[in-house]
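Subject: Handover of a structure

Dear colleague,

Please find below the structure that I am passing on to you. My notes on what was found in it follow directly after.

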Amino acid sequence: FTSDDANVLMGTGASAGVVRGPARVALGPADFGRIRAGDIIVCPSSNPSWVPVFTVAAGLVTNTGGILSHAAVVAREFGLPAVVGTGDATTRIADGRLLEIDGTKGTVHLL
């Protein structure tokens, strides 16, 4: 998925909903302490160790994965809007950047 707009990343809508919040780029468990309520987690992928931070996040964006990935399944369980499989979100999105994600359409807008 690609977009002609440099401020739009495309992925797979994995968990429905639209949310705005600051990006929190987290590459692994060492970054969990920086995640605050209302943050949109931007990460390479997820596994069960990520579940505790999903409870405080407002949304989720991953580089890899599809609708059956761990991130997608857990995001749906928590009612967390999520866009997965963007390819390069962790390198294109600056930590703290305001985002709007649409987990139905699979879009990430850099605001």
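I begin with one helix and its surroundings. The cover over the buried residues of helix H2 includes strand E2 (12-15), helix H1, strand E5 (59-62) and strand E6 (82-84). Those buried residues of H2, which spans residues 70-78, are Ala71, Ala72, Val74 and Ala75. Here buried means under 20% relative accessible area, exposed means over 50%, and partly exposed lies in between, with a 1.4 Å probe and protein chains only. After H2 comes Gly79, with a positive phi near 65 degrees. As general background, an α-helix has 3.6 residues a turn, so residues three or four places apart point the same way.

Please note that this is a predicted model, in which local features need pLDDT of at least 70 and side-chain atom pairs count only at pLDDT 80 or more, while totals for chains, interfaces and linings use all residues. Residues are numbered from 1 along each chain as its sequence is written, and side-chain values use heavy atoms, with hydrogens and water left out.

Turning to the chain as a whole, it contains 3 helices and 8 strands, in the order β-β-β-β-α-β-α-β-α-β-β along the sequence. Helices (H or I, at least four residues) and strands (E, at least two) are DSSP runs, numbered from the N terminus. The radius of gyration is 12 Å, which agrees with the value near 13 Å for a compact globule of 111 residues; this radius is taken over C-alpha atoms, and the globule rule is 2.2 Å times the number of residues to the power 0.38. Along the principal axes, the C-alpha atoms fill a box of roughly 35 × 25 × 20 Å. Of the 111 residues, 48% count as buried. Among contacts with a separation of 6 or more, 47% are between residues 24 or more positions apart, where contact means heavy atoms within 4.5 Å.

The structure holds 1 aromatic pair. Phe32 and Trp50 form this pair, which is edge-to-face, with 4.8 Å centre to centre and 65 degrees between the planes. The two residues are 18 residues apart and link distant parts of the chain: Phe32 is in the loop between strand E3 (18-25) and strand E4 (40-43), and Trp50 is in the loop between E4 and helix H1 (51-54). Both Phe32 and Trp50 are buried. For such pairs, rings of Phe, Tyr and Trp (its six-membered ring) must have centres within 6.5 Å; planes under 30 degrees apart count as stacked, over 60 as edge-to-face and the rest as tilted.

Three further residues deserve a note. Gly59 lies in strand E5 and counts as buried because its relative accessibility is 0%. Beyond its neighbours within four places in sequence, Gly59 is in contact with Val19, Asp39, Ile40, Ile41, Leu80, Pro81 and Ile101. Ser45, in the loop between E4 and H1, is partly exposed at 37% relative accessibility. Ser45 and Thr64 are 19 residues apart in sequence and 5.8 Å apart in space, C-alpha to C-alpha. Leaving out residues up to four places away, Ser45 touches Trp50, Thr62 and Thr64. Ala6 sits in the segment before strand E1 (8-10) and counts as exposed at 60% relative accessibility. With the sequence neighbours up to four places away set aside, Ala6 touches Arg92 and Leu110.

With kind regards
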